[in-house]
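Subject: Structure for you to look at, with notes

Dear colleague,

I am passing on the structure below, and my notes on it follow. Please read them with the structure open beside you.

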Amino acid sequence: MRCNEPCKMTKALLLAAGFVLASAQANAGVLYGTDYDSYNGRSGRPSDSLLSLGRDGNFGAYCQSGASSGRRTVVYPFDIPDQFEVFSVRVWGIDDSASNNLSYELVKSCQPFLSGGGPVRTVLATAASSGTPGNFSQLLIPAEQVATSSTCAYFLEARFAPDNSACAGFDLRSVRVRLLSNNPDVIFRNGFAP
Amino acid sequence: MNFPLITFAVGMLVSSHASADPAWIQVSNPAELAAMGFPATAVNVWRLPNDSTDPGLPDRAPLGSTPTNASYAMTGEDFVTISSLSDYNSAAYGHLYCPTGATSRIASASVNVPTDRRLFFLDMWGRDASATQDMSATLYATCQPADGAGTPNNFVLAEVTSPAIVGDGDFFEFDTVSETYFDPQRCGYSVNLVLGSGTCVGSDLTLYKVRVVIGGNL
Amino acid sequence: MGFDDPAQLVMVRDLPFPADSDTRAPDGAGLGDEWQTRIGTAFQGRTGAFNFGGQAPSIACTSGTERFATATFDLPAGAAIKYVDMFAYDNSSSEEMLVFLLSVCQGTGGADPPVSTILANSTTSGTPGDTVVTLNLSSAPVIVDRYTCRYMVRVNMASPGGTCVGGSIFLDKVRMQYTP
């Protein structure tokens, strides 16, 4: 049987799918305390109600052209228990835009424990899609890894364009975000806790 | 559809997985794809058929008791509309509907589940007082290579649809699921909510809650 | 509280008087306590008419009269919710920000609508500037039944006047302190 280009693509997709499904039970990351949290792209929260976000066929988000003004940022809040180690954040997306890239910042925002005080933002890691068209994936590795969740919150910002600037529409999509963290105390929690 | 190719691919899936696992079926009906919120031409949507004879399923008979199974629940506040500018209403805590006359009736929520847990049930509570339209919730896995770029594939893991009107329309429905395990390293999980098939009918189609019931404790 | 149906049944928890001031510390004061936080940006408007803006983690209600926003919490089964702290900025002379902790529960198999229970509520004071508002449940913590219930916090960003005041009121985050 000859396999033309669409046929090859379909075959590759299905083989990849087979790999995914076959691997579903082989991942024993939790054994070592590692924890994967995946978020679909559209689950990100716009930082501004003026931002016009759309959803693609993979639950990914894109910034729809025509939005008038404001920030072009979606925010993915993370649940990271206190003292967990933040190993990395991996992002997946599609960048077919010649004008815009999708840029990411992993942010820590801290306030006093029990008194008023404005949030202090610290950027822990950055990444961006490149000019190469098509699917992309990037890894953000924070400079500081142990979470202090009693005073700080953690989130990823994905920026489709500079503030008040034109978005690239469907050509620039945030498909998925995955947080990899580690419970350093997992042996004691699982084996010796009362 | 290229049947020999699909047969080959499905064979790959089955042979590379536990032999008892069912085959995945491609969703290729344009109307069905569009109804779920995908492009009508999508080629990366797959369905896991139900296998109600699976002996591994826990007994769902004592529905009134609190089971030991872990769960992840989503209420109206967890869902985002397909477009961020679409109108919605979640004024009553937990409830979600699209206002009468609105045209955007699809929303989704991320499902946060631990690695390697087995999926047992997809539960949905809501109100369907519409004589002409139904609401549905579908659990998807969207999978990519674990550590690099790649085209996503979407797998339908479970589906629940509201029943015919009973009384004031309040309902509870659930779907039993063939053996499948969560793998958040490679896949993101989402519930896609579809509130009817035409223009919105307001609170006649209201979501109360969707819950994923999984193995183990949480 | 932001319910829009006057016929809806709403329960109110009969909360005992708060315990004497507890020792609270970022390390849990040796009690093994943990935290879960929802930043302001994670709060979703009650309806699509909620106008908001700001730089994460903070949001302000920028215009209009739709002033309610809600975030759900995802706590482990059996966790004891002891405190809910809302971090905010309130420099408005006319409006305060209210905060409500609610549970929304439904029994498996039952088709009845969910039962909403107000577990605690409070408000910012008239003192201008950055502030923390605490809901103290430590004398009778709420025990999480995650199989049956969902727990959420809703804020009203313009009370009592009902019109948003823009950058005069910001919601920074809401943090729960719980014993697993």
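How many residues does the contact take from chain B and from chain C? Taking two residues to be in contact if their C-beta atoms, placed from the backbone, lie within 7 Å, the contact takes 27 residues from chain B and 32 residues from chain C.

Before going further, please note that this is a predicted model, in which local features need pLDDT of at least 70 and side-chain atom pairs count only at pLDDT 80 or more, while totals for chains, interfaces and linings use all residues. Residues are numbered from 1 along each chain as its sequence is written, and chains are lettered from A and ligands numbered from 1 in the order in which they are written.

Strands here are DSSP runs (E, at least two residues), numbered from the N terminus, and two strands pair if DSSP finds at least two bridges between them.

Chain B

On the side of chain B that touches chain C, β3 (70-74), β9 (170-176) and β11 (205-214) of chain B each supply at least two residues, and β9(B) gives the most, with three residues.

Elsewhere in chain B, seven strands form an open sheet with mixed pairing, in the order β1-β2-β8-β7-β10-β5-β4. Its edges are β1 (25-26) and β4 (80-81) of chain B, each with a single partner strand, so one side of each is left without a neighbour in the sheet. Within this sheet, strand β7 (residues 135-143) and strand β10 (residues 187-195) of chain B run antiparallel and are joined by nine bridges, with Ala141(B) opposite Tyr189(B) in β10(B).

Chain C

In chain C, strand β13 (residues 169-179) has ten of its eleven residues buried (20 or more other C-beta atoms within 10 Å of a residue's own, with C-beta atoms placed from the backbone), so the strand is largely enclosed by the rest of the structure. Three strands of chain C pair with β13(C) in the antiparallel sense: β7 (residues 80-90) over ten bridges, β2 (residues 34-39) over six bridges, and β5 (residues 59-63) over two bridges. Along β13(C), Tyr83(C) stands opposite Gln177(C), Thr37(C) opposite Arg175(C), and Ala60(C) has Phe170(C) as its bridge partner.

Chain C also has an open sheet of six strands with mixed pairing, in the order β1-β9-β8-β12-β6-β3, whose edge strands, β1 (10-12) and β3 (44-45) of chain C, each pair on one side only.

With best wishes

Note on methods: A residue is buried if 20 or more other C-beta atoms lie within 10 Å of its own, exposed if 12 or fewer, and partly exposed in between; C-beta atoms are placed from the backbone. Helices (H or I, at least four residues) and strands (E, at least two) are DSSP runs, numbered from the N terminus.
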